Amino acid sequence: MKEIYLDNNATTKVDEAVFDEMRPYFCDLYGNPSSMHFFGGQVQKKVDEARNRVAALLGAMPEEIIFTACGTESDNTAIRSALEVFPEKRHIITTRVEHPAVLTMCRNLGKRGYRVTELNVDSEGRLDLDELKKAVDDDTVIVSIMHANNETGVMFPIEEISAIVKEKGALFHTDAVQAVGKVPLDMARSTVDMLSLSGHKLHAPKGIGVLYLRKGVPFRPFMVGGHQERNRRSGTENTASIIALGKACEVAGQFIDDENTRIRSMRDRLENELLALIPNGRINGGKAERLPNTASIAFEFVEGEAILLLLSEHGICASSGSACTSGSLEPSHVLRAMGVPFTCAHGSIRFSLSRFSTDAEIDLVIRELPGIIRRLREMSPFGREFLSA
Amino acid sequence: MWDYTEKVKEHFLNPRNVGDIKDADAVGEVGSLACGDALKLFIKLDGNKERIVDAKFQTFGCGSAIASSSALTEMIKGKTLDEALLVTNQEIADFLGGLPEEKMHCSVMGQEALEVAIAKYRGTEVKVHDHEHAAQEGEVVCKCFGLTDQFLKKVIAANKLHTAEQVTHFTKAGGGCGGCIPKIRELIAEVFHEKVTEVQKKPEKLTNLRKMQLIQDVLEKEIRPQLWADGGDLELVDIAGSVVQIAFRKACAGCASSGFTAKFVEQKLRDLVADDITVEEVEG
């Protein structure tokens, strides 16, 4: 069965051009960039080129780019570094809807004596910046707030947030794993101190990430050892994946307009037609500013895993905010923080598009999903009450 | 993705006996929208009101909840009420070729709906555990999912569950805020007549040898497992009088908050061994 892949916030297909770019660096050009011979030196040049390409997408300087193994490592490194740089400060601010790479870290630090503030969101998933203003104080060491939410695509105004944070002298980190390549970034005009991105969310392979570190921002490495990444992240470079990420960033830059026009209109069409065809559905975060590729739709009286399994029968790959898909027993922390009612939270489905998504794929979802929801509602005691009412 | 058996998939994609029975003799309802799954079971009896001639269900829930409901209705048809009551949740799971352990609560829900239906038909006390229904038996242990001690003890005994995690997989109890997990451990101990391991009391007076042994004990049994949970570890380097020297390993080594962890180790040793202990972090 051919996959209809609409789960690009989970991971993406490696672009063929990206794979072509990395392929020679396994069996042929396998040198270590640190080596003092031509064979390693030529790899060093490609790593430098990749760094330039990543920097170009972010509007950053090449020396502000630190290659890591994943978004989680970048997030962990940013927070740990801030705590080491300012050991006397004991307060951390984040949000209730953060990715576990940040939230679990902060909650663990909370158990170890740090004061942790988790900012609330409203029913559309938006922050109240006044709550942030009240929370940030002289004891605040770092504020870590995501750029765009992985489940709903809701975006936070990171520049306004950064301005508030800087006023109090704290560091600001943003997890931009879902935003990079989908919305334009210009770190040269930004005040954000640190930013995380992940390769496999923008058509590079899994296992490569970046921590953007603004020039002049004090830093302590998480991984220590050799001199790689200017002593900021030791360990022999993952050369092939770094080179792949460079190419992926270059291509992403070319597709950013496409992302915000063609992909956005496909996403909007998917949402509008599904809501027109299926009663009692709602868009999670629909009134907020959102990523152009993400649709999180809640259907009342049905359960998400059952929807996904039936979609999967048609080759359609999506994901769910329901409890049953994750092995946890409560619906997603993001939807709960938004106060999405239980009647909807269990039946939330996320479709996330990419530049490889097509109108034909969207058509298929629009054709199949209404029947799936009807079938499950007819099977559900609550759905039957609703249908007969 | 869950590793569902072919039989689970088949019963999910083609569920048997979905619907309702207008003149049902017995109806059992368990679960709620908040819980994430719910089952309404209808039973029709023969003329003598003995044998189940038809069973139908409506389920709100995941793939395995729907498959378990379908399996249950197939299993009880043709049985007398007393025979049907002997169906265990394990038999429902076995009928489907097994369920992932995290999904065993789906089979428990099926068995429970059956009990509720039959109890209601017979006019006996209805043992409904969820918080949307008024009838409660026992004390509510898990507030998130509204589960009572009586219900949990029954499932623990029937399925021989020995860890709180298993109880969560089978009943959901403890799967929300997690606040009731200590109580679940007590219930397990109660069911199997085990003694709850008492919190270690600090001894009055210690010889040096005993003190060293106790320090090692507390590090091994109390402290290191907690560090492992966060990916860290420590090693005991030396004990000189009341000074305990430790070296951090794994995630704790070079961790920004290792100073704090050292304080935590010190406090734990003071609580459980002796008040005068100080902990020093050394390179080692």
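Domain bounds here come from an automatic or database domain assignment. The model is predicted, so local features need pLDDT of at least 70 and side-chain atom pairs count only at pLDDT 80 or more, while totals for chains, interfaces and linings use all residues. Residues are numbered from 1 along each chain as its sequence is written, and chains are lettered from A in the order in which they are written.

**Exercise 1.** Describe how the two domains of chain A meet.

*Solution.*
- Begin with the bounds: domain 1 covers 4-10 + 255-388, and domain 2 covers 16-251.
- Next, take the C-alpha centres of the two domains, which lie 29 Å apart.
- Now look at the contact (C-beta atoms, placed from the backbone, within 7 Å). Domain 1 of chain A gives 23 residues and domain 2 of chain A gives 22 residues.
- Finally, sort the domain 1 side by class: eight nonpolar, 10 polar and five charged residues. Here Ala, Val, Leu, Ile, Met, Phe, Trp, Tyr, Cys and Pro count as nonpolar, Asp, Glu, Lys and Arg as charged, and the others, Gly among them, as polar.

**Exercise 2.** Work out how α8(A) and α12(A) pack.

*Solution.*
- Helices are DSSP runs (H or I, at least four residues), numbered from the N terminus.
- The axes, lines fitted to C-alpha atoms over the stretch in contact, have angles from 0 to 180 degrees between N-to-C directions.
- α8(A) and α12(A) (residues 359-379) pack at about 15 degrees, with axes 10 Å apart.
- The pair is therefore roughly parallel, a term for angles under 35 degrees.
- For the residues, A:Met266 and A:Leu270 are among those of α8(A) that meet residues of α12(A) including A:Ile362 and A:Leu369.
- By class, this contact has nine nonpolar, no polar and three charged residues.

Notes. Two residues are in contact if their C-beta atoms, placed from the backbone, lie within 7 Å. Helices (H or I, at least four residues) and strands (E, at least two) are DSSP runs, numbered from the N terminus. Angles under 35 degrees count as roughly parallel, over 145 as roughly antiparallel, 65 to 115 as roughly perpendicular and the rest as oblique.
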